Amino acid sequence: MIDMHSHILPGVDDGASDLSQALEMLRLAQADGVATQVLTPHIHIGRFNNSLGNLTQRFIQFKQQVKQAGIAIELKLGAEVRIGPEIMPIVQSQQI
């Protein structure tokens, strides 16, 4: 099964607050039959000021931590992007 929406990437939005919570969420997903987990942290300017750059760095680090924890779920990075007037300048500058 593929879960295409989650807030598991730790410490970036209102999802998992730390690594241990994120790993536990992945263990539960794996137990439920999830083979691929798409991480979709919020990008919401003024509330969750994430960007492609900082999310990619955290994602790479998190993938390594998941592997070290022995959790066999394929991870993908996406985002939940809040649409508003500020989004087009960000897209044009290729920050997301």
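Here is a short tour of this chain, from its overall layout down to a few single residues. Keep in mind that you're looking at a predicted model. The chain has 3 helices and 5 strands, and starting at the N terminus they come in the order β-α-β-β-α-β-β-α. Much of what follows is about two of those helices, H1 and H2, and what their buried residues touch.

**The chain as a whole**

- Put a box around the C-alpha atoms, lined up with the principal axes, and you get roughly 40 × 25 × 20 Å.
- A compact globule of 96 residues would have a radius of gyration near 12 Å, and the 14 Å of this chain agrees with that.
- Of the 96 residues, 34% are buried.
- About 5,700 Å² of the chain is exposed, with carbon and sulfur atoms supplying 53% of that area.
- Take the contacts with a separation of 6 or more: 73% of them join residues that sit 24 or more positions apart.

**Helix H1**

- H1 covers residues 19-31, which makes 13 residues. From first C-alpha to last, H1 reaches 18 Å, close to the 18 Å expected at 1.5 Å a residue.
- Which residues of H1 are buried? They are Ala22, Leu23, Leu26 and Ala29.
- These four sit on the same side of H1, because they cover an arc of only 120° around the axis.
- Look at the other side of H1 and you'll find Ser20 and Ala31, both exposed.
- The cover over the buried residues of H1 includes strand S2 (36-39), helix H2 (52-68) and strand S4 (74-77).
- Right after H1 comes Gly33, with a positive phi of about 100°.

**Helix H2**

- H2 is built from 17 residues and reaches 24 Å between its first and last C-alpha, close to the 24 Å expected at 1.5 Å a residue.
- Leu55, Phe59, Phe62 and Val66 are the buried residues here.
- Viewed down the axis of H2, the buried residues fall within an arc of 75°, so they line one face of the helix.
- What do these buried residues pack against? Their partners are H1, S2, S3 and S4.
- Turned away from that buried side is a face with the exposed residues Gln57, Ile60, Lys67 and Gln68.
- Gly70, just after H2, takes a positive phi of about 75°.

**The nonpolar core**

- In soluble globular proteins, nonpolar side chains tend to be buried together.
- In this chain, the largest nonpolar core has 18 residues. Leu26, Leu39, Phe62, Val66 and Leu75 have the most contacts inside it.
- Which elements give two or more residues to this core? They are H1 and H2.
- Leu26 makes a good example: setting aside residues up to four places away in sequence, Leu26 touches Ile8, Gln37, Phe62, Val66, Ile71, Ile73 and Leu75.
- Two of the names on that list, Phe62 and Val66, you've already met as buried residues of H2.

**A closer look at His44**

- Where does His44 lie? You'll find His44 in the loop between strand S3 (42-43) and H2.
- His44 has 19% relative accessibility. Buried means under 20%, so His44 counts as buried.
- Not counting neighbours within four places in sequence, His44 is in contact with Asn49 and Arg82.

Terms used: Residues are numbered from 1 along each chain as its sequence is written. This is a predicted model: local features need pLDDT of at least 70, side-chain atom pairs count only at pLDDT 80 or more; totals for chains, interfaces and linings use all residues. Side-chain values use heavy atoms; hydrogens and water are left out. The expected span of a helix is 1.5 Å times one less than its number of residues. Buried means under 20% relative accessible area, exposed over 50%, partly exposed in between (1.4 Å probe, protein chains only). The arc is that of the directions from the helix axis to the C-beta atoms. Contact means heavy atoms within 4.5 Å. A nonpolar core is a set of buried Ala, Val, Leu, Ile, Met, Phe, Trp, Tyr and Cys residues joined through side-chain atoms within 4.5 Å. The radius of gyration is taken over C-alpha atoms; the globule rule is 2.2 Å times the number of residues to the power 0.38. Accessible areas come from the Shrake-Rupley method with a 1.4 Å probe; for residues, only the protein chains shown count as cover.
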